Every structure is written in structure tokens, then in C-alpha cells.
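Work through these short exercises on enclosed space and burial. Each has a task and a stepwise solution.

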Amino acid sequence: MLSVETYQTITEAAGALGDRSRYIAGGTLVMRAVTYGDQSFDRIVRVRQTDRNIGNDAAGLRIGAGATMSDILASGDAEVLHPVARLVGGPALRNMATIGGNLFAPNPYGDITVALLALDAQVVMANGQSLPVESFLSGRDQLRGLVAAVTVPRIEPGSFLFSKVSRVKPKGVSVMSIAVSSRRGDPRVVFGNMGPLPTRARAAERALAQGSDANAIAAACAVCTEGLAPVDDALASSWYRREVAPVHLRRLLQNGGRV
Ligand SMILES: Cc1cc2nc3c(=O)[nH]c(=O)nc-3n(C[C@H](O)[C@H](O)[C@H](O)COP(=O)(O)OP(=O)(O)OC[C@H]3O[C@@H](n4cnc5c(N)ncnc54)[C@H](O)[C@@H]3O)c2cc1C
């Protein structure tokens, strides 16, 4: 039998987590697991009022873990993430899906997380610890505790690009997603669905560090799948993803993702 426990704060909820419990935020994935009869948990832990605040502070943009995609789209402060949030699911899903939950979403999901990795965001845990998205992702499956917020360092307008490749538009899930950022000459290229987790394409980053002209873009695209292990699933084969990744990266770098 499934029990639901409600706590006042995320810190209390974090303390109540244990084996066979699952924290629920927007519930778009947790409730699907319940519906499908997932037997790996029998306690659902929730918080009465999650942090949905979004605003800029000295560190940059801070987004409470409970902020939904719709909250992000309604916030002028979070403009950098608008091109990503508007491509997550349909309107009903965006009203429920949180940024905190997106950090845990398995392939083929996690579009916002791909963007956060490119933007060099930090994940702030309920215990106050803060860690880069990259470290967070590498330890995600062993993680104990809850995410309280995400912080995104400031970036110049026009220095962040995002593209989601899907077969169905709108509302289709990603064949792959690509996020590119360039902060003070330090480019980041991140793919979703090109590995078990959102993954940096480091060879492409090194090529783009040499410049942003047509030659540098061609060089980056030529090596962009180096070291990646594209997902093989019902949406697309691993071979297909590897073949088309350079094409989509080139489109993104040359004309913002437009064909
Ligand atoms: C039909 C459908 C379409 C979708 N389309 C997309 C899409 O286009 N792009 C995309 O990226 N995703 C998509 N998703 C996946 C999902 O909706 C999103 O990733 C969403 O952001 C998950 O957030 P949530 O609040 O609903 O998570 P929940 O379902 O509440 O939780 C998901 C997981 O995250 C954990 N979790 C949630 N919040 C926290 C926290 N603060 N601290 C620690 N753990 C936490 C939960 O314990 C759970 O394991 C889709 C899902 C569905 C069902």
C-alpha cells in the first residue's frame, strides 16, 4: 500500500526520505511510475509549499527547485531558459513539470538539464551544499537528499543557443537536444540523448575555443560525437543519432537551429 507524507519544508522532507520512499514534485514522472505499478517505493514524500521563486542575485539567476516550466516562461529574469522551457512537453505538462524534477529525468527527457550543464549552473541541495551540474549528474544515482534550487551564472544575451530535435512538433520528446554557451571565450557544447546522461562534447568545445568562424564551426561539427555513446531507443538508433548530430550542431551554430 502506498502512503503519502506531507512536510512543511524541503529540509524536513529531506530528513524523512529513506529506502522505499520517493519525493514528488510536479509528479509528471512519479505519478506515471505509480500508474505503471512501480514497486520500488511505497512512500511518497511531498512538501506543502515548494520554492517556486525565480530571481537574480549576486551569483546570477536563482530558480527554486519547485518552479515549473510555466513559472520559468512567466519570469523575465529567467529569459535565458525560455527557449528550452517552451519545448518541454505540452501546456498541461509545463504547468506541473519542475526544474528540480527535470534534473532527475532519465533519457529521453532532461531538456532543461542539458541547458543547465551548458550554462555551468550549480545545484543547491536542501542541506546548503552546492555543486556544479556536471558533478551532480555524475553522482545523481547515489544522491541522498533533495534539491532546493538551481543557480545560473550570468551570461551575455545571445551567448546561449538551444535546439531540440524531435520527430513530432510540438510536444515531441527529444531525439537529441543540443545546448551551446559561450562565456568569456569558454564554449560549452552539451548533448542530450547522446549518452546515459547529458554529456559535454569536449572535442567540439576545443574546436570552438579556436574561433567562431565557418572553419571553427566545421571543425567542431566534424568531431562533435567523439567520446559520446548515443542512445539506441525506439525514437532513433544510436547510428542515426551519430550521423545527424553534426548536421544539427551546424544548424544551431550557423543559424540558431533553423534549417
Ligand atoms: C508526456 C510527457 C512528456 C514529457 N516531455 C518532456 C520534454 O519534452 N522534455 C523534458 O525534459 N521532459 C519531459 N518529460 C519529463 C518530465 O515531465 C520533466 O522532466 C519534468 O521536469 C519532471 O519534473 P516533475 O516535477 O514532474 O518531477 P517528478 O515526477 O515529481 O519527479 C521526478 C523525479 O525527480 C525527483 N525529484 C523531483 N524534485 C526533486 C527535488 N527537488 N530534489 C530531489 N529529487 C527531486 C523525484 O523524486 C523523482 O525521482 C515529459 C514527461 C511526460 C510524462
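**Exercise 1. Find the volume of the second largest cavity and place it between domains.**

Step 1. The model is predicted. In it, the second largest cavity has a volume of about 30 Å³.

Step 2. List the lining. Asn107, Pro108, Tyr109, Gly110, Asp111, Val114, Ser174, Ser177, Gly192, Asn193 and Pro198 line this cavity.

Step 3. Sort by character. The lining divides into 4 nonpolar, 6 polar and 1 charged residues.

Step 4. Assign domains. Domain 2 (54–152) and domain 3 (165–255) both contribute lining residues, so the second largest cavity lies between them.

**Exercise 2. Describe the largest cavity in the same way.**

Step 1. The count is 2 cavities of 30 Å³ or more. The largest holds about 40 Å³ of space.

Step 2. Its lining includes Asn102, Tyr109, Thr113, Arg140 and Leu197.

Step 3. The lining of the largest cavity splits into 6 nonpolar, 4 polar and 1 charged residues.

Step 4. Domain 2 (54–152) and domain 3 (165–255) both supply lining residues, so the largest cavity also lies between them.

**Exercise 3. Is helix α7 (residues 111–118) enclosed or open to its surroundings?**

Step 1. Apply the cut-off: buried means under 20% relative accessible area.

Step 2. Go through the helix. Asp111, Ile112, Thr113, Val114, Ala115, Leu116, Leu117 and Ala118 are buried.

Step 3. Conclude. With 8 of the 8 residues buried, α7 is largely enclosed by the rest of the structure.

Step 4. Check what comes after. Asp120 follows α7, and its phi is positive, near 60°.

Notes
Residues numbered from 1 in each chain as written. Predicted model: local features only at pLDDT ≥ 70, side-chain atom pairs only at ≥ 80, totals over all residues. Heavy atoms only, no water. Buried < 20%, exposed > 50% of the residue type's maximum accessible area, 1.4 Å probe, protein only. Helix = DSSP H or I, 4+ residues; strand = E, 2+ residues; numbered from the N terminus. 1 Å grid on protein atoms, 1.4 Å probe; cavity = no way out; pocket = protein on both sides within 12 Å on 5 of 7 lines; lining within 4 Å. Points joined across faces, edges and corners; volume = space filled by probe spheres on them. Nonpolar A, V, L, I, M, F, W, Y, C, P; charged D, E, K, R; others polar. Domains from an automatic or database assignment.
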